[in-house]
Amino acid sequence: MSKGRAEAAAGAPGILLKYLQEQNRPYSAQDVFGNLQREHGLGKAAVVKALEQLAQQGKIKEKVYGKQKIYFADQDQFDMVSDADLQGLDAKIVALTAKVQSLQQSCRHMEAELKELTSALTTPEMQKEIQELKKECTGYTERLKNIKAATNHVTPEEKEQVHRERQRYCKEWRKRKRMATELFDAILEGYPRSKKQFFEEVGIETDEDHKVTLPDP
């Protein structure tokens, strides 16, 4: 055993007695070891030995539940608490509970604010983004300037004229296709072969042959 560990083991009874009296609640040896090992460097064997020693000396109480031993401070050393004192303690617990809830709510608000601030851009990042946006805006401005300066614009009147001509040609296309279809149907009524053979014999090419679709009206 190292010198530091030996010194910790020697002082373990005093440390554990003080701890159990301050906490005034039951603990197993594992609980005490887990709660105090980091702060005092106590080993599990030293904790078990010190607890058993304190129990034998009557300084703490020991209860056995199955295979587990529970240790707690001797309650005879504490003054009796009156009903009034208990009521005062209950009121204090209620007040402290309300304070804890208020602090927890405040912490949640601060955590939300911190999260929002963390996700926001820093001042250098904002400055960089502003410069990039200004550069992008300058490019769009220059492009718009070139478009306005161009001489090959299509005026609204010219656009409307093209649209009207398209409608007129499509209407004529639809009309002629209907007339041709009616004519072919009349001929095919007395034609001894199929429609496909008739088109091949006469040399007729359809829109479908050229994969052309009549535009919507």
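**Exercise 1.** In this predicted model, describe the span of residues 86–150: how far apart are its end C-alpha atoms, and what is its secondary structure?

*Solution.* Step 1: the C-alpha atoms at the two ends of residues 86–150 are separated by 91 Å. Step 2: helix accounts for 94% of the span and strand for 0%. Step 3: the unreviewed UniProt entry annotates residues 86–150 as "coiled-coil region".

**Exercise 2.** State which helix holds lysine 99, and classify lysine 99 as buried or exposed.

*Solution.* Step 1: lysine 99 belongs to helix H5, which runs over residues 83–119. Step 2: the relative accessible area of lysine 99 is 53%. Step 3: the class "exposed" requires over 50%. Lysine 99 is therefore exposed, because its relative accessible area is 53%.

**Exercise 3.** Place isoleucine 130 in a helix, give its exposure class, and name the nonpolar surface patch residues.

*Solution.* Step 1: helix H6, residues 123–149, contains isoleucine 130. Step 2: a relative accessible area of 44% makes isoleucine 130 partly exposed, since that class lies between 20% and 50%. Step 3: Ile130 joins Leu121 and Met126 in a nonpolar surface patch of about 260 Å².

**Exercise 4.** List the assigned domains and give the distance between the C-alpha centres of domain 2 and domain 3.

*Solution.* Step 1: the assignment gives domain 1 as 1–71, domain 2 as 78–119 and domain 3 as 156–208. Step 2: the C-alpha centres of domain 2 and domain 3 are 87 Å apart. Step 3: for a residue pair, take lysine 99 and lysine 159, which are 60 residues apart along the chain and have their C-alpha atoms separated by 74 Å.

Definitions and conventions: Residues are numbered from 1 along each chain as its sequence is written. This is a predicted model: local features need pLDDT of at least 70, side-chain atom pairs count only at pLDDT 80 or more; totals for chains, interfaces and linings use all residues. Side-chain values use heavy atoms; hydrogens and water are left out. Patches are made of residues with over 30% relative accessible area and no salt bridge: like charges are joined within 9 Å, nonpolar side chains (Val, Leu, Ile, Met, Phe, Trp, Tyr) within 5 Å. Accessible areas come from the Shrake-Rupley method with a 1.4 Å probe; for residues, only the protein chains shown count as cover. A salt bridge is a side-chain nitrogen of Lys or Arg within 4 Å of a carboxyl oxygen of Asp or Glu. Helices (H or I, at least four residues) and strands (E, at least two) are DSSP runs, numbered from the N terminus. Buried means under 20% relative accessible area, exposed over 50%, partly exposed in between (1.4 Å probe, protein chains only). Domain bounds come from an automatic or database domain assignment. UniProt positions are given in the numbering used here, feature names are shortened, and annotations may be inferred rather than shown by experiment.
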